[in-house]
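Here is a short, friendly briefing to read alongside the model. Take a look at the structure first, then follow the notes below.

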Amino acid sequence: MTEGGSLMHLHEDASYEELWFKLRNVVHMKDICEREKRLLERLETYVLIVVSRDEVQFTIDNRLFSLRRGAIFIGAPGQWFEYMGSPLADSEQGYMLYFDVQGNHTIKEKTIREYGIEQTGGIIPEAYASILLDLCEKAYLYWNAASSLEKFRSQAAFHEIVYNVLHQAAAASDQGLYKALEETKQYLDMHYHESLSLERLAQRIGVSARHFRRAFKQAYSISASDYLTDLRISQAKRLLSTTKHPIGDIARQVGYQDESHFRRSFKNQMGISPGLYVKNRQLKVAACSFPNIGQLLPLCIIPFAAPIDHDWTDRYRRKFHTEVIYPLHHNNEINGKTLRVAKPDRIIAIDAYGTAEFQEKLEEIAPVLVIPWRTKDWREHLRMTANFLDKSQEAIDWLAAYDDKADHVSEQWNRIVGMEKMLIVMIDRYNCYRWKEEVYDRVNGQHLPLAPDRHNALTDPSFERITLEQLSESDADRIVLLLSEDRHSLHTWNSLQLTENWKSLKAVRNNRIQSIAIGPWYEYTAYNHGAILDQALKVLIQKGNRCPKSS
């Protein structure tokens with residue numbers, strides 16, 4: 001093979017210590033877009049492309065490649081490389097790292113060229129994509145620093161990138177299995193309406209059901225069962241919106257023989273019943289900012305126009321991408337044009353995003369509610385949204401149910417802390433925080449701060465920042481880990497697990513770590529608070545579970 005390929009799998013016996021890597025340049029794709037839109041060059045070194053957004057296009061020797069987030073690709077010296085950019089005008093698309101590699105010729109050829117799916121690039125799990133992007137950002141900043149010492153530091157960041165790529169590739173399934181998984185995924189796309197099982201799917205490619213589950217999740221960052229559910233519910237939504245068939249008939253058409261099972265799956269996926277889904281489709285609400293989505297969903301309203309183009313909206317994109325008829329972005333000029341075409345019945349926004357002039361222009365399209373993002377709390381955000389959409393009773397009911405659930409979580413907490421010492425730790429962006437238990441008022445029934453206020457510049461006052469040394473002094477029997485889901489936090493968490501301070505903790509040694517995903521820091525919404533409580537109900541009543549693995 002003479003063309004550049006992607007890294008998906010490497011032989012376990014490869015002696016990588018015989019290879020020598022040298023970074024030659026780091027380019028941010030947005031710089032190309034700002035400077036010349038396109039780039040055509042004959043490669044003099046290897047180039048590692050790490051994609052951060054959907055969808056980046058380029059050609060290698062006139063062959064078109066289209067890579068999505070989580071993809072990596074390697075171009076080789078002598079090839080003609082043309083960078084063509086992304087359809088998303090405001091996209092920060094990724095990085096290109098030019099490098100040399102020397103050493104054992106056979107190992108180098110296997111490492112660079114022989115493995116992967118050339119048409120798509122090597123796909124790596126989301127958590128590793130986040131780590132790579134963070135390292136690429138550091139390498140880029142160090143490379144362009146004025147200090148020669150800082151520029152030298154970029155080499156260290158690059159070697160970390162190489163290590164992470166090789167580590168993930170070595171742990172991935174081989175190329176044959178990846179192709180089989182692609183065929184299975186296509187089979188699901190065509191046969192989702194049939195009776196299917198993981199065992200049957202695994203038999204199709206000759207592996208165990210356990211191996212199939214793990215490989216599918218690693219390849220696509222979603223379990224096979226969840227992917228099948230997504231397909232079925234997406235088709236059901238289309239039928240509910242375009243036909244008047246009874247719900248039972250629609251359930252059978254998309255693969256559910258039991259209507260009650262379909263109704264449960266639909267509500268778990270969409271947050272509302274099929275009947276309410278049809279009813280709410282009649283009100284066209286545009287959410288100008290991503291937090292507005294989390295203010296609408298507790299009211300059983302799915303926006304038909306919303307921004308779901310960034311990694312922090314992954315949870316919304318997966319569930320509601322077929323519902324958002326008019327995708328918005330983070331360019332208000334484009335959004336204004338889109339909303340004029342969409343003609344929504346109502347528009348909601350937040351004052352932290354968009355100028356006053358832009359918000360005034362929205363009034364020309366439809367009635368607008370602008371949420372005071374930092375001066376009101378999430379409960380008031382929900383109430384304001386509900387009043388604006390004539391859903392006040394729905395907000396009252398949702399908040400009452402939330403408070404009942406929060407009381408139950410607090411009761412479980414009190415029961416557990418009477419038997420063992422517990423510590424709540426939050427990892428948010430670059431730092432680690434400890435909940436100050438002395439602020440907890442059991443007498444007045446204050447709820448546990450499992451969804452801390454992180455959308456303001458200042459940290460939630462019920463948490464205090466701690467160092468690794470301070471954390472190592474803890475003798476807690478159990479640790480509840482609040483893990484923010486942005487890529488910086490995931491990188492901090494993966495780094496923390498490698499430290500001796502963390503490994504030496506009593507709770508870690510005894511495998512008594514329980515985790516709660518609390519969303520990215522800007523996800524300060526009623527929907528996210530409810531999702532956190534649902535997790536808390538599960539983990540606080542367990543005797544202990546494994547901490548989330550480094551991905």
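The axes of α17 and α22 come within 10 Å of each other and cross at roughly 30 degrees, where axes are lines fitted to C-alpha atoms, for helices over the stretch in contact, and angles run from 0 to 180 degrees between N-to-C directions. This is a predicted model, in which local features need pLDDT of at least 70, side-chain atom pairs count only at pLDDT 80 or more, and totals for chains, interfaces and linings use all residues. Residues are numbered from 1 along each chain as its sequence is written, and side-chain values use heavy atoms, with hydrogens and water left out.

**Where the two helices meet**
- On the α17 side, the contact (heavy atoms within 4.5 Å) involves Trp 398, Tyr 402, Lys 405, Ala 406, His 408 and Val 409.
- Their partners in α22 include His 529, Leu 533, Asp 534 and Leu 537.

**Helix α17 itself**
- Helix α17 spans residues 392-417 (helices being DSSP runs of H or I, at least four residues, and strands runs of E, at least two, numbered from the N terminus) and has 26 residues.
- Among the buried residues of α17 (under 20% relative accessible area, with exposed over 50% and partly exposed in between, using a 1.4 Å probe and protein chains only) are Leu 399, Tyr 402, Trp 413 and Ile 416.
- The cover over these buried residues includes α16, β15, β16, β18 and α22.

**Around Lys 185**
- Lys 185 sits in helix α5 (residues 175-191) and is partly exposed, at a relative accessible area of 22%.
- Leaving aside residues up to four places away in sequence, Lys 185 touches Phe 216, Tyr 220 and Tyr 227.

Definitions and conventions: Expected span 1.5 Å × (residues − 1).
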